[in-house]
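Work through the exercises below with the model in view. Try each task before reading its solution.

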Amino acid sequence: MHISEVLSEEMAEEGLGTVASIVTKMEKQIAQIEQIVPMVSAENIKKLREYMIRLLPCKALLQEDQKLQLWKLSYRLWNACVDMANAMQAGQQYDEEHVKLRHLASDLLLIAGKVDGIPSSLLKIATFFHRTGVIWHKIHKFELAASCFEKATELISKSKENENLSCDGEEGRKFSFELLISRARTAWEMSQRTLTCTLLGRAKGLLLDATERYRELAEQYLYYGKTMLAKTEEGGGADGDSVKFLNQAFEICSEALVKCLAMSDERVLLENVRLKTLRYLAAAHLQAENFESVLKCAAVLKDDSDHPTTPFLALKAYIGLGLSEDAEKELSALLGHNGAPLEICISAVEIFIQSGSGGWETARSAFFRLQNRFPSKKELPVRVLDKILRNVSSADPSYKAKVALALQIATDERIIKLLAEADEHSSSERRCVHAILWNSGSEFFRAKLYEISAALFEGSMLYIPFDTEHIVCRAKSLRVLCLCHLGLSQYDRAHEYISEAEKVEPSIVCIFLQFKICLQLKDEPGATKQLNRMLQCTDFDPEYLTLASHEAMACKSIEVATSALSNLLKLHHSGKLMSTKEVVVVRNIIRVHLDNAGAQSEVLHYLKYAKKRLSESGIEYFGSGITAEKELNWFAGSSWNSGLKAGKANDFDLCAEFFMCASEFYGALEDSIENLRMLSKSLILAVAALLAAQKKDNSCLTEALEHLEKAKKVQANLATKEDKPDENFQVYCAVLSFELRGRMKDPKLQLQILQQCTSLTGCKPEFLLKMGLHACEGEYVNMEVSHVALNACLNMVLSSPCPDYKVVSFVIRKLIGIADAKGEDAEAVAVYKQAHQIIVGMKSGEYPTEEAKWLASTAWNRSGIHVRFNRFHEAEKWMRIGLDLVKLVPSMNRLYGSSMADCLAQVVNVKSS
């Protein structure tokens, strides 16, 4: 807290001693400070501040001699500060304690106030505060500086009232001007832009005919304009206030030049400030895209000066207006300017190129003009090439023209010769050009623009020296060029480059690229040969076999891919540590064969291998956590899909093997509902495939029975996890068990299974029909079991709300056939009568008409053999059944009903006689 601040009433009432004693103590303290300068401590300043605080309440009691004494003490303290400043080393910053001491000296004068014996005393006090504020500003204590300037301003105002003559003089005006400028600078640093403008505006009223003040004020406006222009450039926007400041600077210079007619040093300085301001004004208009204003500024600059930035600014303005011809003229003028530095010339060429004006020939000639002007400047091609190719990509609409221009420069013999000089600096530039071309080529290579990337890579090779140190770099370039021509399907050129690369630096990379070429040429023997060469390389890495397998799979070269993966698997068997896991290799081998329809046996072989490794090593073979789960799911899914494919091809042996593999993989997964379902389905389909394979050995049946029992256990486990059991699954198991027991010639168990199946809610007539047909057809016939199954099917169909009479008619036919096969005439009669009962009361056509006709015809025809052997009783029985059935078929009844009735009457007559 400074003594100039308002003190509390309590402190004012605590005055410790009289004014004289306080002044005496202050004098002693100042004398002590004078003795120890420049080693003034914070303690000295603290004590001095305390004395001044005690003196402040007594300000009104000060006598003239005491005031004068305070003035003297203030000057002594100020002079001590001057001695401290003189003791500072060049470039040393002011110490904060030093500035505080100056501030105390100023405050001491303020306490003493106006003294009659000192002329312009208020002005002198203001001067002290001004100088202190300037130093506070220098050490970036802007608030303290502003406080000093404000006090100085207040003192100037009082001086105008009390010492009017002294403040209106030249000295007063000059001080007021300097104070306003200083205060404006501090306000600017405190981001008080409005106050800054106000203070500068007041300073304009104090210019009069003083050219120095004109120049100082113009430079101040110029500085603020430049600062704002730089900030807006960094921020990427445009600020109109920078133009306002620059316009003010220009107007002040112009006004001063009108008043300053004689040629003097000051006029020259003013003219320089004006031209400098005009250049910055043009730059501000350029930033705001006011291109017409830029050209106006440039026109004035061309008349009054020959600065190289003038054509540069005009060039950018013409480009902004789209006037490419005028831009070319300004570029030519700039390059012809003897004072134009290299940096501006390069920037101009860059801007012209980036504008896309289409003048690529102009840009090329501009570069070579620069080269002729600066023939020894080795950084010139580096910088121009960097400007042309930096950030150039396939998204740039003019990328082809830019690359062509860059290549024209890079492949020019003069540039190559310039950078080929064998000194360390040239080597650096040569490496830079190589890097620029290489990086740009890499960018286009990633964009798959191989023709352009190849041209850039070839250009970069011109900057690789032919020595042993750069063999690796040259070989790398040749290999990349091989890749470019591979991308262009120019396999002969690719082979030439990779052959040359192998001569320069033999490596496995070269062999791998030759392998790629063989694959593209469909040369499978050649690709296999390159694979074998890779295995013999000293720098062999198994990853190359992995890459080779992927390349072969992409080219659909199954044989080569299998060879690469088989070699990888052998490396795993040999115990070699590899980054690619064995399970991944096996998976890739299976994937390769899955694409080949004729390689199902190979797929099965490797699936069995994976199953074997699962049983040996457990689930850890497939990885850990979610990785193992994904791998197992893949193997299980591949087994499942292969099983379905084999089943569709009626290759049931393979189908069974695949589903057994699938069951092993699903069984290794966690017991989730989905996995258990897939496991049970795999087991069921494996059993079905074993049965469909028609194998006659008992081992097959035993295996199928084991899988079926396992499926039942899985289903029981699944039932505990689901709300209700899967009735369909139980029916499928029953059907398969029925067939198995049939093959094992166990009819008793078949009947039990049949009875259990009919009690299941998921049982459907088609399942019972399948059982019945299985029991009466093929090698494992059992008519009794078939009869029971078909009767159960018939009853189930008839008990449904909408019976399917096609199925009914088919079952009746089968039952009649079974009765005939058994020689059971009574059983056949019962079936015919049952059929009659079913058809009675039905609408015409509801029961299949052809089937009804068949029943009627076969029943009637059965009477014929009995008539032949005079078994009229039996004949009558069949004739009556046939006639009853004919009556149910209207079309037959119309044709044959009456004649059949007559025949029956004759048989009855013959029998009774």
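The exercises go from the whole chain to helix packing and then to single residues. The model is predicted.

**Exercise 1. Overall form**

Task: Find how many helices and strands the protein has, and decide whether it is spread out or a compact globule.

Solution:
- Start with the elements. The protein has 44 helices and 0 strands.
- Next take the radius of gyration, which is 55 Å. The globule rule gives 29 Å for 913 residues, so the protein is more spread out than a compact globule.
- Now look at the extents. Along the principal axes, the C-alpha trace spans about 180 × 85 × 65 Å.
- Then check burial. Of the 913 residues, 49% are buried.
- Finish with contacts between residues at least 6 apart in sequence. Of these, 64% join residues at least 24 apart.

**Exercise 2. Helix 26 against helix 28**

Task: Decide whether helix 26 is roughly parallel or roughly antiparallel to helix 28, and name the residues in contact.

Solution:
- Locate the pair. Helix 26 covers residues 508-520, and helix 28 covers residues 542-554.
- Read the geometry. The angle is about 15° and the axes are 10 Å apart.
- Apply the cut-off. Angles under 35 degrees count as roughly parallel, so helix 26 is roughly parallel to helix 28.
- Add the handedness. Helix 26 passes helix 28 in a right-handed crossing.
- List the contact. Helix 26 brings Ile508, Val509, Phe512, Phe515, Lys516 and Leu519. Helix 28 brings Tyr544, Leu547, Ala548, Glu551 and Ala552.
- Sort by class. The contact has 9 nonpolar, no polar and 2 charged residues.

**Exercise 3. Helix 26 against helix 27**

Task: Repeat the analysis for helix 26 and helix 27.

Solution:
- Helix 27 covers residues 524-536. It packs on helix 26 at about 165°, with the axes 8 Å apart.
- Angles over 145 degrees count as roughly antiparallel. Helix 26 and helix 27 are therefore roughly antiparallel.
- The crossing of helix 26 with helix 27 is left-handed.
- From helix 26, the contact uses Ile508, Ile511, Phe512, Gln514, Phe515, Cys518 and Leu519. From helix 27 come Gly526, Ala527, Gln530, Leu531, Arg533 and Met534.
- By class, this contact holds 9 nonpolar, 3 polar and 1 charged residues.

**Exercise 4. Thr132 and Glu876**

Task: Place Thr132 and Glu876 in their helices. Then decide for each: buried or exposed?

Solution:
- Thr132 sits in helix 6, residues 121-138. Its relative accessible area is 0%. Buried means under 20%, so Thr132 is buried.
- Leaving out residues up to four places away in sequence, Thr132 touches Trp78, Val99, Arg102, His103, Ser106 and Cys148.
- Compare Thr132 with Leu486. They are 354 residues apart in sequence and 77 Å apart in space, C-alpha to C-alpha.
- Glu876 sits in helix 43, residues 872-887. At 11% relative accessible area, Glu876 is buried.
- With the same sequence limit of four places, Glu876 touches Leu904, Val907, Val908 and Lys911.

**Exercise 5. Positive phi**

Task: Find where His140 and Asn650 lie, and give phi for each.

Solution:
- His140 lies in the loop between helix 6 and helix 7. Its phi is near 65°, a positive value in a residue other than glycine.
- His140 has 59% relative accessibility and counts as exposed.
- Asn650 lies in the loop between helix 32 and helix 33. Its phi is about 60°, also positive, and Asn650 is not a glycine.
- Asn650 is exposed, at 54% relative accessible area.

Note on methods: Residues are numbered from 1 along each chain as its sequence is written. This is a predicted model: local features need pLDDT of at least 70, side-chain atom pairs count only at pLDDT 80 or more; totals for chains, interfaces and linings use all residues. Side-chain values use heavy atoms; hydrogens and water are left out. Axes are lines fitted to C-alpha atoms, for helices over the stretch in contact, and angles run from 0 to 180 degrees between N-to-C directions. Helices (H or I, at least four residues) and strands (E, at least two) are DSSP runs, numbered from the N terminus. Angles under 35 degrees count as roughly parallel, over 145 as roughly antiparallel, 65 to 115 as roughly perpendicular and the rest as oblique. A crossing is left-handed if the near helix is turned anticlockwise from the far one by less than a right angle, and right-handed if clockwise. Contact means heavy atoms within 4.5 Å. Ala, Val, Leu, Ile, Met, Phe, Trp, Tyr, Cys and Pro count as nonpolar, Asp, Glu, Lys and Arg as charged, and the others, Gly among them, as polar. The radius of gyration is taken over C-alpha atoms; the globule rule is 2.2 Å times the number of residues to the power 0.38. Buried means under 20% relative accessible area, exposed over 50%, partly exposed in between (1.4 Å probe, protein chains only).
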